[in-house]
There are 2 protein chains.
Amino acid sequence: MVTLEDIALKAGVSHSTVSRALADSPLVNPSTKERIQNLAREAGYQVNQVARNLKTRSTKTIGLVVPEVSNPFYPELIQRVADHAKLAGYSLQLHLSAADQESESDCIASLSANRADGVLLVTGERGLVARSQVNALTASGTPVVIMGWVEDSDHLDLVAGDDSAGGRELASHLADLGHTRIAVLGKAPHRGAFDRLVGFGDVLRERGIPLPPAMSIEVKNEEDVRLGVTRLLALPDPPTAIFAYQDSLAAVVYRQLEEAGVSIPSEMTVVGFDDLDLATYLSPRLTTVGAHISPLASAFVSLLVARIQGTHPEPAPQSIIVTPKLIVRASSAPPRTRGFASAGI
Amino acid sequence: MVTLEDIALKAGVSHSTVSRALADSPLVNPSTKERIQNLAREAGYQVNQVARNLKTRSTKTIGLVVPEVSNPFYPELIQRVADHAKLAGYSLQLHLSAADQESESDCIASLSANRADGVLLVTGERGLVARSQVNALTASGTPVVIMGWVEDSDHLDLVAGDDSAGGRELASHLADLGHTRIAVLGKAPHRGAFDRLVGFGDVLRERGIPLPPAMSIEVKNEEDVRLGVTRLLALPDPPTAIFAYQDSLAAVVYRQLEEAGVSIPSEMTVVGFDDLDLATYLSPRLTTVGAHISPLASAFVSLLVARIQGTHPEPAPQSIIVTPKLIVRASSAPPRTRGFASAGI
DNA sequence: ACCTGCTTTGCACACGATTGCAGAGATACT
DNA sequence: AGTATCTCTGCAATCGTGTGCAAAGCAGGT
């Protein structure tokens with residue numbers, strides 16, 4: 001690898017002059033500057049960022065920690081974050097924090113060792129696992145911004161969707177359509193974690209729609225979803241609508257309903273949450289609720305960059321809450337009435 | 001940030017001793033070693049990788065260049081590559097090379113400046129764009145391994161699926177089922193690029209199945225797919241099977257067929273290519289062809305690591321070709337016979 | 001001729017780690 | 001006691017850049 005010194009020898013100057021010439025400093029004579037720049041280009045000089053980072057004590061790099069990439073929500077987010085970070089002059093260092101990968105703490109340790117200028121941390125289902133490491137990192141001067149649900153977010157910079165509001169939107173939509181027997185498929189509920197379920201439940205209560213235990217099913221994996229749907233269909237009074245708390249789960253519900261010969265939306269309404277690209281691939285296209293990912297990513301990056309550069313007007317931790325919107329597609333419709341159902345076909 | 005020198009002061013030794021103690025060197029007295037390690041832990045010492053990388057002239061980092069992440073094939077690949085890289089002791093630096101992002105050349109320049117130990121480059125539809133930069137990088141001692149189609153791969157380390165064989169498998173499957181009117185949806189065909197289409201076409205020819213121009217449709221985006229499907233259905237002799245050259249396109253075909261009231265597979269067989277997770281989300285589940293991504297990623301990383309460490313037995317560029325397998329699911333069936341079709345319903 | 005000011009360049013140190021080499025003590029052996 | 005050996009520690013150089021400071025060279029004004 002060719003260094004500043006190599007160019008300096010060729011040009012008959014000192015490495016300082018070469019450094020300044022390549023930085024286009026006004027301190028160096030225009031003619032020699034051009035000569036040096038040409039020489040560097042011909043020699044295929046590539047600055048050694050490692051050395052530069054050491055000297056300038058900044059890497060122009062932000063770490064992005066994401067639980068996984070098999071759920072399509074995350075790739076979409078990564079793409080947007082990459083766009084915005086590049087725009088701000090930062091490059092990205094991606095780490096996956098899922099169980100079989102590095103744990104969240106390891107990711108943070110690695111980013112800290114590599115002296116990332118800042119860290120964007122997206123929490124998974126378990127919330128913020130590495131809270132103490134995050135605090136330590138912040139204390140040592142590296143800003144961290146969290147995205148997603150966190151148990152106690154008082155002392156953190158945070159960007160999150162308003163899951164509770166989204167849940168309320170969906171429940172209202174179903175109630176407006178006239179559904180009164182509604183089932184919910186949720187994942188092992190960490191205390192307070194799944195606000196979308198809470199918001200959903202609140203509206204049902206307000207509207208006087210019951211949610212008996214048999215209609216509220218915890219699912220941990222695809223198999224659970226299959227069993228759950230089967231059990232719902234076998235009830236004496238089966239639901240007319242199913243809320244899957246993630247679009248990716250709704251996809252599994254679709255499959256199971258299809259195998260059972262139940263058509264969507266005429267015999268069963270299905271709604272999801274997140275508004276992934278997936279939602280429009282499914283047929284019928286899925287009614288769901290979600291925020292546009294791009295503005296979310298933009299807020300995420302902007303806040304971090306402002307923290308890094310110390311330009312944020314408000315020194316106290318910020319919480320940016322984005323309200324998701326209801327997107328009505330083809331998977332939701334009014335319930336078939338009893339009489340009509342038995343008379344049907 | 002606390003440095004070796006800080007710990008050295010606290011311990012009353014020189015920074016050399018601290019460095020050796022933390023590296024668990026046998027050159028330092030066991031008792032002082034332990035004392036230093038404790039001190040470092042209490043002080044929250046985090047090695048400065050930037051400095052270490054400069055000194056050791058190695059970053060234990062490999063660059064991964066991927067066209068985009070909205071096509072679900074890539075996230076799956078990223079995940080696997082991350083797994084295998086971590087296993088080999090390397091961390092990942094991800095770059096997106098799609099048009100609106102950094103171009104391939106910029107990605108390589110950045111990785112070169114950051115002194116990545118090696119580069120994994122996944123080509124997109126346009127093949128290897130930054131060939132000269134790749135050659136320069138290889139020449140300067142940083143190994144590069146390519147994944148995907150490349151026009152002239154003689155002097156490159158390469159891992160690729162055998163698209164031609166995959167195309168043949170699919171065509172044979174359709175022919176075996178008895179289809180004789182088969183349509184193909186492909187993307188703007190760069191010369192030699194889409195071997196999957198070539199292999200598919202070869203088998204049709206061998207079996208004496210015609211592929212008239214009206215049945216071979218170029219598509220550039222979703223809208224093209226919609227139009228194409230509509231046009232196919234309007235033909236006097238519409239096809240009984242459609243081959244979409246990517247699973248993600250097959251998903252769009254599904255949607256359009258559904259809107260047209262054509263049921264899969266009873267009225268139309270649809271097959272894809274890649275075997276994404278998506279293929280099993282669709283209903284009916286998609287018949288497709290693909291290689292398991294994990295072994296592909298493993299070969300990809302292993303080859304690069306062997307090159308980095310100079311342990312590969314064969315110094316000449318290697319081509320590793322993986323043969324994909326046919327996965328028959330629920331979207332393919334024998335064609336309805338003419339007579340039966342008109343008598344049907 | 002001398003002073004002042006401006007442009008341009010080089011010297012030398014710093015960033016934070018690793019590591020070869022020398023040397024200080026301690027121990028063992030003749 | 002003297003010497004060889006072994007264990008442990010510190011000195012100092014190094015990786016490749018960036019940059020404050022000094023100084024050289026030159027022009028212009030008195």
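In this predicted model, strand 6 (residues 182-186) of chain B is joined by four bridges to strand 8 (residues 241-244) of chain B, and the two run parallel. Helices and strands here are DSSP runs, of at least four residues (H or I) for a helix and at least two (E) for a strand, numbered from the N terminus, and two strands are said to pair if DSSP finds at least two bridges between them. Within this pair, A183(B) stands opposite I242(B) of strand 8 of chain B.

Strands 6 and 8 belong to an open sheet of four strands in chain B, whose order is 7-6-8-9 and whose pairing is parallel. At the edges are strand 7 (216-218) and strand 9 (269-271) of chain B, each of which pairs on one side only. On average, and with direction ignored, neighbouring strands of this sheet are turned by 15 degrees against each other. Angles of this kind run from 0 to 180 degrees between N-to-C directions, and the axes are lines fitted to C-alpha atoms, for helices over the stretch in contact.

Helices also meet these strands, where contact means heavy atoms within 4.5 Å. Helix 8 (residues 163-177) of chain B lies across strand 6, strand 8 and strand 9 of chain B, and runs at about 165 degrees to strand 9 of chain B. Helix 9 (residues 195-206) of chain B packs on the sheet as well, touching strand 6 and strand 8 of chain B, and its direction makes about 165 degrees with that of strand 6 of chain B.

Another parallel pairing in chain B links strand 3 and strand 4 over four bridges, and in it L121(B) has I146(B) of strand 4 as its bridge partner. In a regular strand the side chains alternate between the two faces of the sheet. Strand 4 (residues 144-147) of chain B is covered on both faces, with V144(B) and I146(B) buried on one side and V145(B) and M147(B) buried on the other. Buried means under 20% relative accessible area, exposed means over 50%, and partly exposed lies in between, as computed with a 1.4 Å probe on the protein chains only.

A few places in the backbone deserve attention, since most residues other than glycine have a negative phi, and most peptide bonds are trans. A cis peptide bond joins I264(A) and P265(A), with omega about 0 degrees, and P265(A) sits in the loop between helix 11 (247-259) and strand 9 (269-271) of chain A. In chain B, a cis peptide bond with omega of about -5 degrees joins S283(B) and P284(B), and P284(B) is in the loop between helix 12 (278-281) and strand 10 (288-290) of chain B. D275(A), which is not a glycine, has a positive phi near 55 degrees; D275(A) is found in the loop between strand 9 and helix 12 (278-281) of chain A, and is buried with a relative accessible area of 17%. Phi of R115(B) is likewise positive, near 55 degrees, and R115(B), in the loop between helix 6 (104-113) and strand 3 (118-122) of chain B, counts as buried at 16% relative accessibility.

We turn now to the DNA. Around DNA strand D there are 26 residues, of which L4(A), Y45(A), R52(A), T17(B) and R57(B) are the closest, a residue being near if one of its heavy atoms lies within 4 Å. Of the atoms of DNA strand D that come within 4 Å of the protein, 61% are accounted for by sugar and phosphate. Polar contacts, which are pairs of N or O atoms within 3.5 Å (within protein, one must be able to donate a hydrogen and the other to accept it, and residues adjacent in sequence count only if both atoms are side-chain atoms), reach the bases too. A side-chain N or O atom of H15(A) is 3.1 Å from a base oxygen of DNA strand D, and a polar side-chain atom of K55(B) lies 2.8 Å from a base oxygen of DNA strand D.

DNA strand C has 27 residues around it, and T17(A), R57(A), L4(B), S19(B) and Y45(B) come nearest. K55(B) appears here again, with a polar side-chain atom 3.4 Å from a base oxygen of DNA strand C, while R52(B) places a side-chain N or O atom 2.9 Å from a phosphate oxygen of DNA strand C.For reading these names, residues are numbered from 1 along each chain as its sequence is written, while chains are lettered from A and ligands numbered from 1 in the order in which they are written. Because the model is predicted, local features need pLDDT of at least 70 and side-chain atom pairs count only at pLDDT 80 or more, whereas totals for chains, interfaces and linings use all residues, and side-chain values use heavy atoms, with hydrogens and water left out.
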